[in-house]
Amino acid sequence: MLGQQQLATVTLHATEINRGIAERMDTLEKVTRLLPAELMARPGDVQQLLDERPALPSMFTAGYFVTDAQGTVIASVPLAAQRIGRSFAERPDIHSALKLGKSKVGDVTLSNTLRTPAFGIAVPIKGQDDKILGALVGATDLGKPNFMDRIMSARYGQSGGYTLIDRKQRIVVNATEKSRVLESLPAPGLNPAIDRYIENTSGTSVLVGPNGVEMMLSLA
């Protein structure tokens, strides 16, 4: 019964996080409609358009930027991030936007410019006949207050908390214990219990943590 209650709570919070990401992706996609080919040819005007988007700063704590079709940044907020002129073509989220024409949430990495954990959401900028003109990217700095904090900062009971894991990278994306962000999970094969936990789609398990303490974990 405790496991079912815990799983229901975790599932609800996972839905809220997904909704927050979907909302941000949708906002970026709407902004791309304001970036036709003739405007994309004028980086100064693209910069002005980004500066005038009142909703974006509150959604993306690490700023946002526009790349050309080759993945080179032509406009950025804030300018202090020094992104303009840099190529991000190899980033998986931007590659998806530019080469596949699909919006994508990027991996969590240690930002070279911010020196804190961050992730981006990239959406394609399309012109006539769905030609890819570039990408619009919004970035979230996990070291600053962000849309996940209301969930991740909460405690479950007296000793429990929440951890958001990237299964592919096997790293902690966000957690109630902020010191765990970017923590790597044991490599496959080292801890069969954690392997089963990561491979499952959802459910509740009892595991022994690295500190030897038994834990009840719910995955959604």
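**Walking through the fold, one question at a time**

Q: How many of the residues of E2 are buried?
A: This is a predicted model, and strand E2 makes an easy way in. E2 is mostly covered. The number of its 5 residues that count as buried is 5.

Q: In which sense do E1 and E2 pair, parallel or antiparallel?
A: E1 and E2 are linked over 4 bridges. Within that pairing, Thr 67 sits opposite Val 73 in E2. The sense in which E1 and E2 pair is antiparallel.

Q: Which residue in the hairpin of E1 and E2 takes a positive phi?
A: The hairpin of E1 and E2 has 4 residues between the strands. One residue of this hairpin has a phi near 95 degrees, and that residue is Gly 71.

Q: Are the rings of Phe 65 and Phe 88 stacked, edge-to-face or tilted?
A: The model holds 1 aromatic pair. Its ring centres are 5.3 Å apart, and planes count as stacked under 30 degrees and as edge-to-face over 60. The planes of Phe 65 and Phe 88 stand at 35 degrees, so the pair is tilted.

Q: How many residues apart in sequence are the parts that the pair of Phe 65 and Phe 88 ties together?
A: Phe 65 belongs to strand E1 (residues 64-68). Phe 88 belongs to the loop between strand E2 (73-77) and helix H5 (92-100). Both Phe 65 and Phe 88 are buried. The pair therefore ties together parts whose separation in sequence, in residues, is 23.

Q: Which helix gives the largest share of the largest nonpolar core?
A: The largest nonpolar core has 35 residues, and those touching the most other members include Leu 35, Met 40 and Val 46. The largest share of this core is 6 residues, and they come from helix H1 (residues 2-32).

Q: How many residues make up the second, separate core?
A: Apart from the largest core there is a second one, and Phe 65 and Phe 88 are among its members. Ala 122 and Ile 132 are included as well. The number of residues in this second core is 10.

Q: Which residues of helix H3 are buried?
A: Helix H3 covers residues 43-51. Its buried residues span an arc of only 160 degrees around the axis, which puts them on the same side of H3. What covers them includes H1, helix H2 (37-40), E1, E2 and strand E6 (132-141). The buried residues are Val 46, Gln 47, Leu 49 and Leu 50.

Q: With which residues is Val 46 in contact, leaving aside its neighbours within four places in sequence?
A: Val 46 is one of the buried residues of H3, and it is also among the residues of the largest core that touch the most other members. Leaving aside neighbours within four places in sequence, its contacts are Leu 35, Leu 39, Met 40, Val 66, Ile 74 and Ala 75.

Q: Is Ile 171 buried or exposed?
A: Ile 171 is in strand E8 (residues 171-175), where 5 of the 5 residues are buried. The cut-off for burial is under 20% relative accessible area. Ile 171 has a relative accessibility of 10%, so it counts as buried.

Q: How many bridges join strand E7 to E8?
A: Strand E7 (residues 163-166) and E8 run antiparallel. Thr 163 stands opposite Ala 175 in E8, and Arg 170 in the hairpin of E7 and E8 takes a positive phi near 55 degrees. The number of bridges joining E7 to E8 is 4.

Q: Is Asp 129 buried or exposed?
A: Asp 129 is found in the loop between strand E5 (117-126) and E6. A residue counts as exposed if its relative accessible area is over 50%. For Asp 129 this area is 80%, so the residue is exposed.

Q: What percentage of the residues in the chain is buried?
A: Stepping back, the chain has 7 helices and 10 strands. Its C-alpha atoms fill a box of roughly 60 × 35 × 30 Å along the principal axes. Of the 220 residues in the chain, the buried share is 43%.

Notes
Residues numbered from 1 in each chain as written. Predicted model: local features only at pLDDT ≥ 70, side-chain atom pairs only at ≥ 80, totals over all residues. Heavy atoms only, no water. Phe/Tyr/Trp six-rings, centres within 6.5 Å; stacked < 30°, edge-to-face > 60°. Helix = DSSP H or I, 4+ residues; strand = E, 2+ residues; numbered from the N terminus. Buried < 20%, exposed > 50% of the residue type's maximum accessible area, 1.4 Å probe, protein only. Core = buried A, V, L, I, M, F, W, Y, C linked by side-chain atoms within 4.5 Å. Contact = heavy atoms within 4.5 Å. Arc of directions from axis to C-beta. Pairing = 2+ DSSP bridges.
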